[in-house]
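Me: I am a first-year student, and I would like to take a close look at a single part of a protein model. Please go through it slowly and in connected sentences.

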Amino acid sequence: MAHASVEPPTRGMQLRELLALPVAFGLDDANRALLLGRTKGFELAKQGEYPCRVVRVGRTYRVMRADLLRALGISPENSDGAGPCTSDAA
């Protein structure tokens, strides 16, 4: 009898996964993309020190895809998502 190989879940996210995220999503997905553990991610959000903007909606935290991409240095304006994020602020 052949055994199906079970791959462990991958840490982080591939670019195609990041671009496929909905406009707003939960902190668990953002934590995975930022390589943060669940406890640390929620702790940072609660302290207001999360690596990107987090919006509190009732008892949950939501992250906007564009904010996450910027935090990762990916330009959300590019259709392919490639290229560094630039800032006009001086």
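In the hairpin of β2 and β3, which residue takes a positive phi? Please start from there and then show me how the hairpin fits with its surroundings.

Reply: The residue is G58, with a positive phi near 65°, and two residues lie between the strands of this hairpin. Before going further, please keep in mind that this is a predicted model. The average pLDDT of the protein is 82, and 73% of the residues score at least 70.

It helps to place the hairpin in the chain as a whole. The protein has four helices and three strands, and along the sequence they follow the pattern α-β-α-α-β-β-α. The two neighbouring β symbols in that pattern are where to look for the hairpin.

Strand β2 covers residues 54–57 and strand β3 covers residues 60–64, and the two pair in the antiparallel sense over four bridges. One of the pairs to look for is V54 with its bridge partner V63 in β3. The hairpin is also part of something wider, since three strands form an open sheet in the order β1-β3-β2, with antiparallel pairing. The edge strands of this sheet are β1 (24–26) and β2, each of which pairs on one side only. From one strand to the next, the twist averages 40°.

On its other pairing, β3 meets β1 in the antiparallel sense, over three bridges. Here F25 has V63 as its bridge partner in β3, while A24 has M64. If you compare this with the pairing of β2, you will find V63 again, as the bridge partner of V54.

The side chains of β3 deserve a careful look, as they alternate along the strand. Y61 and V63 point to one face and are buried, whereas T60, R62 and M64 point to the other face and are not buried. Residues count as buried when their relative accessible area is under 20%, and as exposed when it is over 50%.

That cut-off also helps with V54, which lies in strand β2. Its relative accessible area is 24%, so V54 is classed as partly exposed. Setting aside neighbours within four places in sequence, V54 is in contact with L27, A45, Y61, R62 and V63. The C-alpha atoms of V54 and M64 are 7.6 Å apart, although the two residues are separated by 10 residues in sequence.

One of those contacts, A45, leads us from the hairpin to a helix, for A45 is among the buried residues of α3, together with G41 and L44. These buried residues cover an arc of only 100° around the axis, which puts them on the same side of α3. A general property of helices is useful here: an α-helix has 3.6 residues a turn, so residues three or four places apart point the same way. The cover over the buried residues of α3 includes α2, β2 and β3, and in this way both strands of the hairpin take part in it.

The other side of α3 gives a contrast, with T39 and K46 exposed there. T39, which is found in helix α3, has a relative accessible area of 64%, and therefore counts as exposed. Its C-alpha atom is separated by 9.9 Å from that of D28, and these two residues are 11 residues apart along the chain.

G58 can also be set beside two other residues with a positive phi. G48, just after α3, takes a positive phi of about 75°. L35 has a phi near 60°, a positive value in a residue other than glycine, and L35 lies in the loop between α2 (27–33) and α3 (38–47).

Finally, some values for the protein as a whole give this part its setting. Of the 90 residues, 28% are buried, and the protein exposes about 6500 Å², of which carbon and sulfur atoms supply 53%. Among contacts between residues at least 6 apart in sequence, 38% join residues at least 24 apart. One stretch should be read with care: over residues 81–90 the pLDDT stays under 50, and the model has 15 contacts beyond four places in sequence for them.

Technical notes:
Residues are numbered from 1 along each chain as its sequence is written. This is a predicted model: local features need pLDDT of at least 70, side-chain atom pairs count only at pLDDT 80 or more; totals for chains, interfaces and linings use all residues. Side-chain values use heavy atoms; hydrogens and water are left out. Two strands pair if DSSP finds at least two bridges between them. pLDDT is the predictor's confidence in each residue, from 0 to 100. Contact means heavy atoms within 4.5 Å. Buried means under 20% relative accessible area, exposed over 50%, partly exposed in between (1.4 Å probe, protein chains only). The arc is that of the directions from the helix axis to the C-beta atoms. Accessible areas come from the Shrake-Rupley method with a 1.4 Å probe; for residues, only the protein chains shown count as cover. Axes are lines fitted to C-alpha atoms, for helices over the stretch in contact, and angles run from 0 to 180 degrees between N-to-C directions.
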